[in-house]
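Okay, thanks everyone, I'll keep this short. Let me put the structure up, and then we'll walk through how the chains touch and what a couple of the folds look like.

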Amino acid sequence: MADLLQVTNVSKNFSGLRAVADVSFSVPEGAIFAVIGPNGAGKTTLFNLIAGVFAPNSGGIQFRGDRIDRLAPDEVCRRGIGRTFQLVRPFLGLTVEDNVTIGALLHEPNPNAAMQRAHEILSQLGLFAKRRHLAATLTLPDRKRLEVARALATGPKLLLLDEVMAGLRPTEIDRIVEVVRKLNSDRGITVLLIEHVMRAVMSIASRVLVLHHGAAIAEGAPETVVRDPAVVRSYLGEEAL
Amino acid sequence: MPAEIYLNVAVSGLLTGLVYGLMALGLSVIFGIVRVVNFAHGEMMTIAMYIAVVLFASMHLDPLLMMLPIAAVLFGFGYLLQMTLINPFIARPEHSQFMLMVAVALIIVNGLLLIFGPDAKSVQTSYAFDSFAIGSLIVDATKLYAGLAAILVAAALFAFFRFAPLGKAIRACADNYTGALVVGLDVKRLYALSFGIGAACVGAAGAIIVLIIDVTPPLGPTYTLLAFVIVIVGGLGSMPGALLGGVLIGLTEALAGLFFTPSAKSMFAFGILVLVLLFRPEGIMGRRLA
Amino acid sequence: MIARLLHGVPRHALLLLVLMLAVLIAAPLFAGDYLLTVLILILYFAYTGQAWNILMGFAGQLSLGHALYVGLGAYVTAALYVHFGIGPWVGMPAAIAISVACGASIGFLAFRFGVAGVYFSILTIAFAEFARIGFDHFAWVQGSSGLFLPVANYKANDIVNLRGQPVMFYYVILAMTVVAFVICHGLLRSRVGYFWQAIREDEFAARSLGIATFRYKMYAIIISSGMTAPAGVFYAFYYNNLFPEQTFFIVRSIEIILGPVIGGVGTLFGPVIGAFLLTGLSEGLQNLLTAYGVDAPGVTRLFYGFCLLLVVAILPNGIWPPFAKVLRLDRLHDKSET
């Protein structure tokens with residue numbers, strides 16, 4: 001299976017702080033690929049690099065064979081990469097359906113048709129009943145699902161989910177895990193996710209990349225990575241070994 | 001034109017610019033610390049100017065002598081304004097606070113119009129037409145006193161923020177609101193104090209500038225804009241920047257008035273503003289925010 | 001197209017609108033001359049408020065220099081009329097073009113260089129002030145002495161040259177306001193309107209959804225400035241005299257925003273309600289004072305200031321939203337079946 005996303009020797013510095021250090025990995029099409037690592041490891045920065053928020057200082061990022069590392073965020077989205085945010089940012093003053101309709105309008109210029117599509121997506125994510133509510137009135141788990149719905153509406157081939165399970169209760173986590181699994185299996189959307197919730201990672205990820213201090217310290221199947229001594233050391237310190 | 005004219009005009013502009021700088025300093029304190037876009041800044045200065053006019057007309061009190069009492073009155077005004085109108089709405093979105101100050105500005109301008117009428121008022125002190133000769137340089141007495149007074153007040157302000165415990169506490173609030181709260185500072189009261197201090201600056205500037213410029217109610221908006229231009233050019237969050245910006249604007253205005261028509265001099269201030277906004281938005285001495 | 005615009009609008013809202021329009025059309029029949037001039041003023045502010053609202057209420061960019069576009073519209077057509085006898089309707093395209101060019105320049109400078117929020121507002125003020133001082137020295141339009149339009153025969157209503165009775169001006173501004181209303185309604189529920197709202201809410205998130213924010217912000221300022229220019233044309237031919245000091249003055253810009261801010265920024269009815277309330281009440285106040293023989297310059301604007309203060313402090317979203325809830329008009333933009 002072809003590689004959808006290729007990150008090659010990417011580095012990013014912020015005024016002397018090396019946030020991402022020479023990271024390379026590939027995401028095969030149709031995979032669910034997880035990026036894990038302790039806080040401050042550079043995971044969100046990596047996402048931001050892929051999504052076009054910053055340009056890398058060195059290295060390249062390829063999506064479906066084309067270089068995307070110098071592109072603006074909106075151009076990246078138009079190429080087929082959707083994303084959510086670690087701290088959710090729904091359009092609070094707008095309704096749930098308007099939020100998703102805006103996403104759908106990217107590829108569907110007719111507002112009525114876009115809203116139809118929005119309704120379909122909302123139904124799949126269990127938010128159809130709340131479509132007329134203002135986003136500001138939603139609970140955190142609902143806001144997270146709204147953000148996923150909104151990003152989905154842009155018709156992405158690759159979905160970047162940034163800690164979408166943070167702050168959720170176990171039942172909610174299971175629900176979202178199901179949603180992500182279905183998105184991947186039914187719609188063929190490749191998923192790249194940053195996650196701390198290990199049980200979610202273990203249950204759906206086919207491949208895991210571990211970052212620590214901006215560098216990749218392990219990559220492979222979930223079971224192997226989790227037992228890698230370097231990984232254990234980064235999370236729990238020397239004593240854990 | 002002989003070189004002395006340029007020099008005289010430049011010095012005159014520099015001195016006036018110092019007073020502009022003092023006014024802008026007040027805005028720098030308010031905008032920089034309390035983060036309020038004080039759209040009524042120039043209007044507050046006109047209040048001070050009118051107070052000086054009234055005191056002079058009725059009791060022949062020199063505005064320079066009245067500078068401190070007038071500053072105190074404006075301090076009270078600013079403190080009250082922050083406490084009653086702004087503090088309760090700190091959490092509101094930016095443009096809401098902006099509108100609040102626009103409303104205050106409207107009220108001040110038209111209130112003054114109602115009370116004093118549209119005609120220009122001025123203060124003619126006994127030394128209004130005196131001048132000093134330093135070599136080939138001729139300096140207006142009023143402008144010289146004005147410039148010196150402005151420097152004095154600015155120095156006092158710097159000393160306060162640098163050395164006084166209260167001044168340091170205020171700077172802490174500006175740097176880190178939550179941190180200041182955690183440390184136990186009464187941030188709302190400190191904000192009110194800061195606004196008061198900024199207003200006092202503007203009050204002092206008004207008392208001083210009435211020696212040089214006549215006051216009419218519509219002067220307020222013009223000086224509000226000028227204050228913003230100076231603060232942006234000099235650098236947001238930088239108090240020396242505000243003074244520097246004021247001097248720069250005072251100089252360009254004076255020289256532009258010499259080379260082109262005097263009434264077009266503000267256009268240069270705007271020209272500089274546009275250039276700064278485009279190419280160096282943090283201003284000459286500002287710190288780049290991330 | 002009419003069906004598309006009407007789709008989803010609740011029936012009672014449509015009824016109310018038609019009723020209001022009928023009243024306004026019939027107004028000259030039973031309103032005296034004075035009331036007519038007040039209505040003209042109200043509609044003028046409703047129009048300019050709508051045009052400004054597109055930039056702020058829809059796209060979230062606070063312009064405090066909209067008097068620039070009014071002034072340009074006024075001066076261009078007035079000068080063409082005075083110097084070349086070119087009528088206002090013929091001159092209007094030129095007025096709109098110049099206005100749009102200025103708006104686009106401001107927009108380009110601001111949006112390309114990341115000048116946003118307060119800085120954007122100050123930039124707009126600076127440009128308007130620049131025009132004010134510039135036009136003061138612009139000899140072709142008589143500079144600060146003022147540009148005067150020849151006031152001819154008031155009996156005949158010449159709509160081509162906009163010379164005539166207040167009644168004619170009333171219907172012209174009413175037509176303009178209705179057109180503006182329909183345009184804004186159409187814009188709000190179009191793709192552009194959605195993208196603007198996204199930008200207004202959270203520009204960064206909007207970009208991550210593929211929205212080319214620079215382009216859409218430019219559309220907003222272009223449409224807003226272009227739509228404001230005709231108000232200037234009306235202003236010039238109605239008042240027949242233009243002074244840079246007054247036309248471009250920042251107080252004028254603030255008057256433009258008062259209606260929408262008090263009525264409700266970003267809503268369709270906000271600017272209209274705001275204009276009615278503000279102008280209506282202030283005229284009433286003026287009359288009261290005159291009746292008591294009190295001459296108070298600036299009392300109108302003082303009143304505006306207090307209204308603005310009250311609204312911002314107590315009803316930050318304007319007067320219209322709570323109103324709309326009561327009238328069950330707050331779901332005007334439902335596109336889906338219930």
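**Who touches whom**

So, chain A and chain B: no contact joins them, and their closest C-alpha atoms lie 10 Å apart. Before I go on, please keep in mind that this is a predicted model.

Which chains share the most contacts? Of the two pairs of chains in contact, that's B and C. Here 32 residues of chain B meet 34 residues of chain C. On the chain B side, the elements giving two or more residues are α4 (94-116), α9 and α11 (265-279). The largest share comes from α4(B), with 14 residues. If you sort that side of chain B by class, you get 23 nonpolar, seven polar and two charged residues.

Now chain A with chain C. This contact takes 22 residues from chain A and 19 residues from chain C. On chain A, helices α2 (73-79), α3 (96-104) and α4 (111-124) each supply at least two residues. Which of them gives the most? That would be α2(A), with four residues. The class split for this side of chain A is twelve nonpolar, five polar and five charged.

Okay, next, inside chain A. There's an open sheet of four strands, in the order β2-β1-β4-β5, and the pairing is antiparallel. β2 (17-28) and β5 (66-67) of chain A stand at the edges with a single partner strand each, so one side of each has no neighbour in the sheet. If you look at the β5(A) edge, β5(A) pairs with β4(A), residues 58-63, over two bridges. One to find on screen: Asp66(A) in β5(A) is the bridge partner of Phe63(A). Then helix α1(A), residues 43-51, packs on the sheet and touches β1 (3-14), β2 and β4 of chain A. The direction of α1(A) makes about 65 degrees with that of β2(A).

Last stop, chain B, and a helix pair. The axes of α9(B), residues 219-234, and α10(B), residues 239-259, come within 7 Å and cross at roughly 115 degrees. The crossing is right-handed. From α9(B), the contact residues include Leu226(B), Val229(B) and Ile230(B), while α10(B) brings in, among them, Gly241(B), Ala242(B), Gly245(B) and Gly246(B). What classes make up that contact? Nine nonpolar, four polar and no charged residues. And remember α9(B) also turned up earlier, on the side of chain B that touches chain C.

That's my tour, thanks.

Methods: Residues numbered from 1 in each chain as written. Chains lettered and ligands numbered in written order. Predicted model: local features only at pLDDT ≥ 70, side-chain atom pairs only at ≥ 80, totals over all residues. Axes fitted to C-alpha atoms, helices over the stretch in contact; angles between N-to-C directions. Left-handed = near helix turned anticlockwise from the far one by under 90°. Contact = placed C-beta atoms within 7 Å. Nonpolar A, V, L, I, M, F, W, Y, C, P; charged D, E, K, R; others polar. Pairing = 2+ DSSP bridges.
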